[in-house]
Structures are given as structure tokens and as C-alpha cells.
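Got the viewer open? Let's take a short walk through this one, stop by stop.

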Amino acid sequence: MTLEPLKAELEANIPGCQLEIVNNPSPSGQHSLLIDPGHALAIALYLRDAAHLRFDYLSNVTGVDWPSRELSEKIKVKKIVDGPDGPVEKEVDEVVKTQTHAHLEVVYHLYSMALKHGPVILRMRTEDRADRVHLPSFTPIWRSADFQEREIFDLYGILFDGHPDLRRILMWDEFEDFPMRRDYVEPDDYEYEPTAHDDVLKKTIAHYTGETPGGAA
Amino acid sequence: MSTLTLDPIAAKASLLKKDGGQLLEVSMGPQHPSTHGVFRMDVVLDGENVVKLKPIFGYLHRNHEKIAEDETYLGSMPYTDRLDYFCSITNNWAYALAVESLAGIEVPERAQYIRVITAELTRLQNHASLVGFLMQDMGASGTPLMYAFREREKILDLFESLTGARMMCNYMRFGGCRVDLPTGWLDQAKKVVAAFPKFLDEFENLLVSNEILMARTQGVGIIPAELIVNAGITGPLLRASGVNYDLRKVDKYGIYDRFTFRVPLGDHGDVYDRYMIRILEMRESVKILEQAMRDIPEGPFTDPKTKVRNFRPKPGEAYGRIEAPKGELGFYLISDGSPNPYRYRVRPPSLINLTVLEEMCLNRNIADVVIILGSVDIVMGEVDR
């Protein structure tokens, strides 16, 4: 499905929405549409309910972590250099380093079971990776996003506003970090996971504070 | 995962009913034969009726996706076997399909046929063991399961002589398969497939009009067609609810457009329909297998131009999906040009098919929960990843 007409159609029907086509250079040719979180629900509803689109089936929801990366680019700069006969203008290679913007991303693969077409790939990006990680949840529109968004919250730490039951799904409730992030560091010991059982709890406290359980040597 | 309520008095108070009765909170699993692995359901019961059910996952979680990001593309191939360990060959195919789409690899003719043959054999043995397990869950202890396993064993023997392993086959490669069919394998496979309808007839004779089976399964665990599409449930469950969506017909991946077969559809979307859909799908798979084994050409079994070592797809992304025995199995890959995938995502049909488990079980008996879960067909290796 070509995205240019779809983009024009969405822009005409949802005033104020900002869309951008993200090109995919690989042979698969699956390009995607970057949507702004403010209009995401309106866009999703339009895609689901418009009679000629009817994307009733949200197949896959993926979280992706894009930490800040350093891009270095070589450019030629004209500089005045001290030569043997006084200052001369010369072309010098200079490396310019830029940082990419750090963000988290969610990718949605939509298909239509009614009309048997697709995929349309939507992407949404958070503002950063630290505390502005809110995105609207698609679970009220497609139930299939339920467990998948919980998984992304669990493993990436994206907060889906409007999700009916946003809890950890694969890790235990007391777990604090987000293991799928690129900069995740494993703890020294997974063994002492806190459980409701007192003995294990004591051992865990002892493990993290260095105290011996029960005061004995 | 979530922990149990710590304060027993507070927990008891929340379960008191207005008429003085009391609800009962039961933790089904993680060690329970009916949950097909380490899976837990937190069930609240009023008498024997289910009033609340929360599935709890994660006991088998090993972060498959993270491990695959630290591994080369080919290095993840054997690990995909461990997702749904009943259907390693279809897992291989879904992953190979995604990588082939990412790197633009063509698959030779013979390899396509081998893929179809092995994948349909996988479907046969998965569905056969599923109906066996379903009967076991229903209390038909032993006999149906052993009948099903007898047939499954023949197919696993075929896999063993082809790939060296019964379950962890690790058979496909980007651009084809790992080895060619050994001499005489096809004849052996033809014999197994030719004998398969006899097993289905026998199974149907014994069970399809069985009174107890009908009483236990008809009208149980119904999902309406609208909800099942919205919840993203795929595979035999979707078709049992009457939605005609089979990726072998829709996407026509591989060479599925060359075979004539039908897509069986159910009417009611209950456990009985799901059981029948599997029986009928096995009959269609036998048809596909007969055609594929008749038409398979000679030729290379893998694309010789595909690099095995130092395989680096160009930056980009691809989503590849197939009709696995349990539903739509997809792999979403993002490449940054390095030998490892930047992002490797599995779309697990087993997990997503559990989305409306609570709706299916509400107001049913606790004994029905067991067969409803059995009819969904989950494998925890894929649910928890």
C-alpha cells in the first residue's frame, strides 16, 4: 500500500495532524508513517472505521529504543593556516560530531481482515528516554494491543496513557529496571528476587545491605 | 508476574459477598497439568462459577529478543526452535522469511517445496497432539492422546532422519534449507501422509459425535467474530469463529498459491468448533502435502549466493509473517548494517491468543476453564519468550 495518498487523506480528514513518511531502504520496501501522539487516537479510529480502509486487525506492536548516538561527518573547511610565507588560506578536513536525539519508539503493524490488505506501519516516538515517555494507548481501539503494550511498558518503560491495566507482564512487579533498553546493565544477582516468603526476603535484605540474617555470625 | 495478596484478612474481606457468602480465590498453576507449562491463572470463584480470571505470565521468560540482539542473524536460527517447541520448523520459516525480505534473498524452487512439505508435516503433528491434549484435559485419560502421539511419532521420525533432531530441528537457512532431502525420505513421507487420513477417520469415528465430548464443548468459551478480530486472535481460533483469514491464502507466502486447498470455517466459535477446525485443517494439510510431494522438482535446496558468514543486511527493516499452526507468527527485524539485528521482535500467536481468555471463561465452571485453555493451544516457550 502506497503511503502518499493515505497521508494526504489523513491530513485532509484530521485537521492539525502531523505525519511524516519514514522511508525504508531495505528490499522489503515496507515504509512507515510517523504520527504525532496528540492525534494518534483520531488517526487510529479513522484507519479502523473508514469504509475503504478498515484496518480492523492490529497485528504487531514493537518497542524500539534509540539512545543518543554520535554521528561523525567529515567536511572540508577553509582555514587560514600559517605557511612559510605568512598566513595562507587552505582546505582542511574537519570532523563534525553531532548527537542524534534520544527517544523510544513504538511500531504498529496494521492489517485489514475485512478487505485483506496491509500492512500499514505506524510509528510513534516519545520526547526522550528519561521522564517524558508517555504515549497514547491503542488498547481501547484494538484489544490486541493489550498484552503487547504491557510488554513494552515492562521491557522499555513507555507509559501508555489510557491503557486499562498497565502492569508488568513478564518481569515481576517489584522489578525496577527496563531490560530491553540498550543501556540496561544486569544486576549482580538475579537469584535473590524478592518474594512473599519471609526467609527469602531476609536473605535478600542481607544480600543488599551486607547484614547477616538473624544477627548470627 | 504478580505476587499473592500478602494480608490474608484483607484478602478475605474483599472476597465477602453481600448475601454473607464468600468468593474463593484459586491460583491455578504455575504447576498444574492443565496449564500446559508454567502458566498461572488467578481465578476468583463464586461457588464453581468464574467471576474473575487474570492470566499471569513470565515464569519462562528469558528475554529471547534481547539475546537475539546480541547474536548474529544466523545465530538466532536455532534459538527460534525454542519458541514454540512443538513447531520448530514453522518458527524457522517465519524467521527466514523476515530475513529474506530484509536482505532481498530469493529462495530456489526445490527449497520452497521442501519448506511447504516440512511445514505442513509440522502442522499435522501439532494439531494431532493438540486434539490429544484437549481430550486429556477433558478427562479422556490416555487413549486419545496416545493415538495422537502414535501418529506424531511417525512424523518426528521423518524430522529426525531429515534434520537430526526430533523437535529442535533448526532446519531452515536464509535462502533455502540446511540439507537436501535424504534418499528415500520422500517415499517414507508419502507413506506416512497416505496413512494419516486413516488415523483421522478413526479419531473422528470415536469422538466427533461422542455425547460427552459434545456436552463438554458445545457452547463453551464462545468468542464472537467481531471481538476475535479486534483482539488480534489468529489461527484456528479465528477461523472457528467464522472469519476467513488464512495467511496461506491472504499473503500466499512461499508457493502456497500453487496448491488447491480449502480453509475450514466454524460457525459458533466454541471449543467444539475449534476442535473440529483442527481435524479439518489436518485433512487440508494432507491434500497440500500430496500435491507438494507429487510436484517437487529437482534442483538446488538453497540459494548458493547467500553469504553464510559475515552476513550483514543493509540498514532497513522488515516484517515477515506466516500461518504457523497456532496463528500468525511474525518476526520484525531492524537492521543497522551490523552483523546483529538492531531490533528483533517476535509476534507470538500463543500470547496474543490469550488476550480474551477472561471473557471466554466468565460465568463458566472452573472445569470449563481447563478445556477453554486447552482449545486455545498455547506453548509457554512462545508466550513468555
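Buried area here means the accessible area, taken with a 1.4 Å probe, that two parts lose on being put together, summed over both. Keep in mind that you're looking at a predicted model.

**Stop one: where the chains meet.** Colour chain A and chain B separately. Between them about 4200 Å² is buried, and carbon and sulfur atoms give 53% of that. Now select the contacting residues: you should pick up 51 from chain B and 50 from chain A.

Next, look for charged pairs. There are 5 salt bridges between chain B and chain A. For one of them, zoom in on A:Arg182 and B:Glu69, whose closest N and O atoms sit 3.2 Å apart. Polar contacts across this interface come to 29 residue pairs.

Stay on chain B and highlight strand β6, residues 316–324. With 5 residues, β6 gives the most to the side of chain B that touches chain A. That whole side splits into 25 nonpolar, 13 polar and 13 charged residues.

**Stop two: a sheet in chain B.** Show β1, β2 and β3 of chain B, an open antiparallel sheet in just that order. Which strands stand at the edges? They are β1 (24–28) and β3 (49–56), each with a single partner strand, so one side of each has no neighbour in the sheet. From one strand to the next, the twist averages 20°.

Click on β2 (40–46) of chain B: 7 bridges join it to β3(B). One to find by hand is B:Asp46 with its bridge partner B:Asn49.

Finally, add helix α15 (366–376) of chain B. α15 packs on the sheet and touches β1, β2 and β3 of chain B, its direction making about 150° with that of β2(B).

Conventions
Residues are numbered from 1 along each chain as its sequence is written. Chains are lettered from A and ligands numbered from 1 in the order in which they are written. This is a predicted model: local features need pLDDT of at least 70, side-chain atom pairs count only at pLDDT 80 or more; totals for chains, interfaces and linings use all residues. Side-chain values use heavy atoms; hydrogens and water are left out. Contact means heavy atoms within 4.5 Å. A salt bridge is a side-chain nitrogen of Lys or Arg within 4 Å of a carboxyl oxygen of Asp or Glu. A polar contact is a pair of N or O atoms within 3.5 Å; within protein, one must be able to donate a hydrogen and the other to accept it, and residues adjacent in sequence count only if both atoms are side-chain atoms. Helices (H or I, at least four residues) and strands (E, at least two) are DSSP runs, numbered from the N terminus. Ala, Val, Leu, Ile, Met, Phe, Trp, Tyr, Cys and Pro count as nonpolar, Asp, Glu, Lys and Arg as charged, and the others, Gly among them, as polar. Two strands pair if DSSP finds at least two bridges between them. Axes are lines fitted to C-alpha atoms, for helices over the stretch in contact, and angles run from 0 to 180 degrees between N-to-C directions.
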